[in-house]
Amino acid sequence: MTNEDYIRAHREEDVRRLALGRVPEGVDRKWCLQQIEGWQLARRKLPQWAATEGVWYPIRLSMEQCSSELTARYKRELVERLLPEGQRGAMTDLTGGLGVDFAQMAPLFDEATYVEILPELRRLAEHNMPLLMESMRNGENEKMGRTELRFASPDIFSLLTLHFSLIYLDPARRDGAGRKTVGIEDCTPNLMEMQDELLSRAQWVVVKLSPMLDITEALRQLRNVAEVHVMSVKGECKELLFVMTPEANPQLAIHCVNLGTDEDAVIMRYGENERMRKPEGMSPSLNYQFLYEPNASVLKAGVQDVLGERYEVRKLHPQSHLFVGDRWIPHFPGRGFRIVESSDFSKNGLKSLLSGLRQANLTIRNFPTPVVQLRRQLRLAEGGDAYLFATTQGDGTHVLIRCEKAN
């Protein structure tokens, strides 16, 4: 039996159980188990890869750290907008890794160069990229042209004697001891030392950075940022993309998206958020029918104040980041709830609001008591169909709002 036959026969099975069993003569156990585990992870995270026969997968850590197909497709759509057809000559990914982002962007260009310092990942990419490109041509992009693929040496600066339509990089966010880093200057390669060189060699430079990074600080460090993309997947902030251009002082736009949902994207020109009115707070009575909580991308970017005017909703308090309104907004960028009842924290008020409740989903926004402590005080288990928001109103009073999911 060959490795390929063993993988095909057992790839639906539990890897831990397979590790304890025997393998036929001639089968490389370690390699096969790595491929089976990689394929099982790819089914969820990289479905196009999993559907392409012959793809090789790296160790589990590399699979967990790579981009998802959802975020990689978003980058492809971004490149299609930045560079219309006829302007996509050559691109390079200077930190190729497993190549998930590269596989989505490269087919848009006449030439695409992959760079990766780790020999094993470079070996996998050289094998995988032609397979994935062919799969894309035969699938959703039948009219896609043929891209000339190149796999360059890991000497980044040798490439920067050329000119590209697009340079993409995702600097490694771990130090020499394997600890996670966040700051731009702590990543490898150090973007702070090479951004001038990059901007002199490309029409666009797109950089993926940690979702933990402070956006305002990054904008002070990076030159000529035209766009910031705050990318969440199903409510969890995953990536920050900074789009840089050789053009001096571009007008900055911030894009907030929540992939895997039908929520609206929020696009805001820099400074627009600060010009929005600060809405008045509501009273503890049921003055409004619906409550809205902005998604993680909007909150990360700090652009939540624009939502008040765009969606005709009112903010409870400048720091609460919760909105209320009288109409249902199906594609609001975040979660929406129907308000059942609201109360102050008096004994009688809480008794009425919590009547019949044994469990609830509890969220605090601009509230002094931690969730664990408040849940203990309210004597509520976690979960169920009820949603409670403990927050502060515009007049400074604390309020508990009981909600249910709205359709």
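Is Lys208 buried or exposed? Keep that question in mind as you look at the model, which is a predicted one; the answer comes in point 4. Here are some notes to help you find your way around.

1. **The sheet.** Start with the strands. Nine of them, S1 to S9, make an open sheet with mixed pairing, and the order across it is S3-S2-S1-S4-S5-S7-S6-S8-S9. At the edges sit strand S3 (148–152) and strand S9 (266–269), each with a pairing partner on one side only. From one strand to the next, the twist averages 15°. As a reminder, strands in a sheet pair through backbone hydrogen bonds, and they can do so in parallel or antiparallel fashion.

2. **One pair of strands.** For an example of pairing, look at strand S6 (residues 225–233) and strand S7 (residues 236–244). They run antiparallel and are joined by 8 bridges. You can pick out one of these partnerships by eye: Val230 has Leu240 in S7 as its bridge partner.

3. **Helices on the sheet.** Now add two helices. Helix H6 (residues 69–82) lies across strands S4, S5, S6, S7 and S8, and runs at about 155° to S6. Helix H10 (residues 191–200) also packs on the sheet, where it touches S4, S5 and S7. The direction of H10 makes about 150° with that of S5.

4. **Lys208 and its partners.** Back to the opening question: Lys208 is buried, with a relative accessible area of 3%. Its side chain meets that of Asp170 in a salt bridge, with 3.4 Å from N to O. Lys208 belongs to strand S5 while Asp170 is in the loop between S4 and H10, so this pair ties together parts that are 38 residues apart in sequence. Both residues also belong to a network of salt bridges that links Lys75, Asp101, Asp170, Lys208 and Glu239.

5. **Two other salt bridges.** A search of the whole structure finds 24 salt bridges. One of them joins Glu111 to Arg150, with the closest N and O atoms 3.5 Å apart. Glu111 lies in strand S2 and Arg150 in strand S3, so parts 39 residues apart in sequence are tied together. Glu111 is partly exposed at 27% relative accessible area, and Arg150 is partly exposed at 35%. Another salt bridge pairs Arg327 with Glu312, with 4.0 Å between the closest N and O atoms. Both of these residues are in loops: Arg327 between strands S12 and S13, Glu312 between helix H13 and strand S11. Here Arg327 is partly exposed, at 39%, whereas Glu312 is exposed, at 61%.

6. **A buried asparagine.** Asn258 lies in strand S8 and is buried, with a relative accessible area of 6%. What does the side chain of Asn258 reach at 3.1 Å? It reaches the backbone nitrogen of Lys234. The side chain of Asn258 also makes a polar contact with the side chain of Glu263, again listed at 3.1 Å. Among the residues that Asn258 touches are Ser232, Gly235 and Asn295.

7. **Cysteines.** How many disulfides does a search of the whole structure find? The count is 0. Cys187 shows why for its own case: its sulfur is 15 Å from the closest cysteine sulfur, in Cys237, which is too far for a bond. Cys187 is buried, at 4% relative accessibility, and Cys32 is buried too, at 0%.

Conventions: Residues numbered from 1 in each chain as written. Predicted model: local features only at pLDDT ≥ 70, side-chain atom pairs only at ≥ 80, totals over all residues. Heavy atoms only, no water. Pairing = 2+ DSSP bridges. Helix = DSSP H or I, 4+ residues; strand = E, 2+ residues; numbered from the N terminus. Axes fitted to C-alpha atoms, helices over the stretch in contact; angles between N-to-C directions. Contact = heavy atoms within 4.5 Å. Buried < 20%, exposed > 50% of the residue type's maximum accessible area, 1.4 Å probe, protein only. Polar contact = N/O pair within 3.5 Å; in protein donor to acceptor, adjacent residues only side chain to side chain. Disulfide = S-S within 2.5 Å. Lists of a residue's contacts leave out its neighbours within four places in sequence.
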